[in-house]
Amino acid sequence: MKKLLCVLLLLCMFSYAAAESGFPDSSLKSATVRFAGDFVIHEPIFKSAERLARSGNSEHDYDFAPMLDPIRDAMQNSDFTVTNIDGCLGKKDLKKYRYSGYPAFITPHHILYALKDASVDMLTLANNHMLDSWYSGLMDTIDNVDSFGIRYIGASRTQEERNTPVICEVNGIKIGFLNYTKDLNSMDRQSALDKRAMQFAVHAIKNSDCMADAKRLRDAGADDIVCYMHWGTEYELEPDQNQKAYAENLMEAGVDVIIGGHPHVVQRAEWLKGVNQFGETQETLCLYSLGNFLSFQRTRYRDGGIIFEFTVQEQPDGSYRIVEPGYLPTWVWAVGAREKYDFKVVNIADCIENRPEGMMDKDYQQMMESYNDSIAAMSLGVGNLLTE
């Protein structure tokens, strides 16, 4: 009996010591989520994917997978991975809407093979280019993503789907997702646009109610709510007033994490604190912009970005907290000339001491400049520098 009491006492002391030391109870649930920056598939990129498919005897017309080879492990190093592709994923009516880059992004749907292989779990579809091939192109995009078994948010086929909360269970944690875009490049004002686009298909700030959407997620059982925002002013290193104001709205709605894209440069992360619509003290992690993940923008600040991660951690009282925000600087290594380039997205931390074979001095210097710029941007807020 004395031995049993001693064992129980030791267990209690160990549990108390673990709690005091900050180590999480292993019986509590946790899930790590990673967001990659914007995929902006300019014409040189999909032309490169076409050449890679021919040279590699691929069964597909376009092969984007080699571009992600150096970064695949980092994309897979989470429990749930999310990213955004600007524009539409064309497939059906290519006689009418050909693949194209800027200003109307219509990307070969074959990129989904590469994303699936890199363990991407969800695509955010609400962005300023989502109507570049009109309402029908958006419907094709949804069909394509759905056919690959990749979850999506930010667009809907029907009003019923628009009203249905999107909740993904990750390691037993129910994470609710929202996605809105601020702009649609004036496509929403075109008289030829199918009215259904703005009735339910497009999730934009102007036709959405974040308070109602967050409440719908909470009522459906979401443990935490994450919102991806396509917003801000392009190429500005600081978030603009519209970003800050809408971030406050989302915090008051009860959103726990806000991840931003569209400025095409890295903008800082910070904690927002207040009271949400449910009368609770709210603490929201807001990353204003991830920068570019894969694009043909080669000027300073635009040639790279970050993978941003956070962990949803269950607490002893059954609630959940967002902990351990971190970031991994990435860079687009482009080799070639005269529109015949090869592209690779690299984890810069892997390349600092082990320069990839064939990387010239000027490329290495540009990569390091991007690395230091991302660190400088993130040092203005919160988030630990990651290496893998």
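Start at Tyr-288. This residue is buried, because its relative accessible area of 1% falls under the 20% cut-off. The model on screen is a predicted one. Colour the chain by secondary structure and find strand β12, residues 281-290, which holds Tyr-288.

**Stop 1: around Tyr-288**

Show the side chains. Which side chain makes a polar contact with that of Tyr-288? Pick Glu-270; the two side chains are joined at 2.6 Å. Now expand the selection to the contacts of Tyr-288, leaving out residues up to four places away in sequence. Trp-231, Pro-239, Gln-243, Lys-244 and Ala-247 should light up. So should Gly-260, Gly-261, Gln-267, Arg-268, Glu-270 and Leu-272. Glu-270 is thus on the contact list as well as being the polar partner.

Next, add Asp-240. Along the sequence, Asp-240 and Tyr-288 are 48 residues apart. Draw a C-alpha to C-alpha distance between them and expect 9.5 Å.

**Stop 2: along β12 to Gln-282**

Stay in strand β12 and select Gln-282. Buried or exposed? Gln-282 is buried, since its relative accessible area is 5% and the limit for that label is 20%. Its side chain has a polar partner in the side chain of Asn-276, at 2.9 Å.

Expand again, with residues up to four places away in sequence left out. Gln-282 touches Met-251, Gly-254, Val-255 and Asp-256. It also touches Leu-272, Lys-273, Gly-274, Val-275 and Asn-276. Leu-272 is worth keeping selected: it is among the contacts of Gln-282, and it is among those of Tyr-288 too.

**Stop 3: strand β2, Phe-80 and Thr-81**

Move to strand β2, residues 80-85. Two residues to select here are Phe-80 and Thr-81.

Take Phe-80 to begin with. It counts as buried because its relative accessibility is 6%. Which residues does Phe-80 contact, once neighbours within four places in sequence are set aside? Select Thr-32, Val-33 and Arg-34, then Asp-121 and Met-122. Finish with Cys-168, Val-170 and Phe-177. Then add Ala-31, which is 49 residues from Phe-80 along the chain. Their C-alpha atoms are separated by 7.8 Å.

Step on to Thr-81. This residue is buried, because its relative accessible area is 3%. Look at its side chain: a 2.8 Å polar contact links it to the side chain of Ser-78. With neighbours within four places in sequence left aside, Thr-81 is in contact with Arg-34, Met-75, Ser-119, Val-120, Asp-121 and Met-122. Arg-34, Asp-121 and Met-122 are also among the contacts of Phe-80.

**Stop 4: backbone exceptions**

Switch to a backbone view. Most residues other than glycine have a negative phi, and most peptide bonds are trans. Here are three places to check against that.

- Select Tyr-102 and Pro-103. The peptide bond from Tyr-102 to Pro-103 is cis, and its omega is near 10°. Pro-103 sits in the loop between β3 (88-90) and β4 (106-108).
- Select Ser-186. It is not a glycine, yet its phi is positive, about 70°. Look for it in the loop between β8 (173-181) and α8 (196-201). With a relative accessible area of 28%, Ser-186 is partly exposed.
- Select Glu-324. Its phi is also positive, about 55°, and it is not a glycine. This residue lies within strand β15, residues 320-337. Glu-324 counts as exposed, because its relative accessibility is 55% and the label needs over 50%.

**Stop 5: zoom out**

Select the whole protein chain. How many helices and strands does it have? Twelve helices and 17 strands. Along the principal axes, the C-alpha atoms fill a box of roughly 80 × 50 × 40 Å. The radius of gyration is 22 Å, which agrees with the value near 21 Å for a compact globule of 388 residues.

Colour by burial: 54% of the 388 residues count as buried. Then consider the contacts with a separation of 6 or more; 72% of them involve residues 24 or more positions apart.

Turn on the surface. Its accessible area is about 17,600 Å², and carbon and sulfur atoms account for 49% of that. Last, mark the charges. There are 38 positive and 55 negative ones, and their mean positions are 4 Å apart.

Conventions:
Residues numbered from 1 in each chain as written. Heavy atoms only, no water. Helix = DSSP H or I, 4+ residues; strand = E, 2+ residues; numbered from the N terminus. Buried < 20%, exposed > 50% of the residue type's maximum accessible area, 1.4 Å probe, protein only. Polar contact = N/O pair within 3.5 Å; in protein donor to acceptor, adjacent residues only side chain to side chain. Contact = heavy atoms within 4.5 Å. Rg over C-alpha atoms; globule rule 2.2 N^0.38 Å. Areas by Shrake-Rupley, 256 points an atom, 1.4 Å probe, with all protein chains shown as cover. Lys, Arg positive; Asp, Glu negative; His and termini not counted. Charge placed at Lys NZ, Arg CZ, Asp CG, Glu CD.
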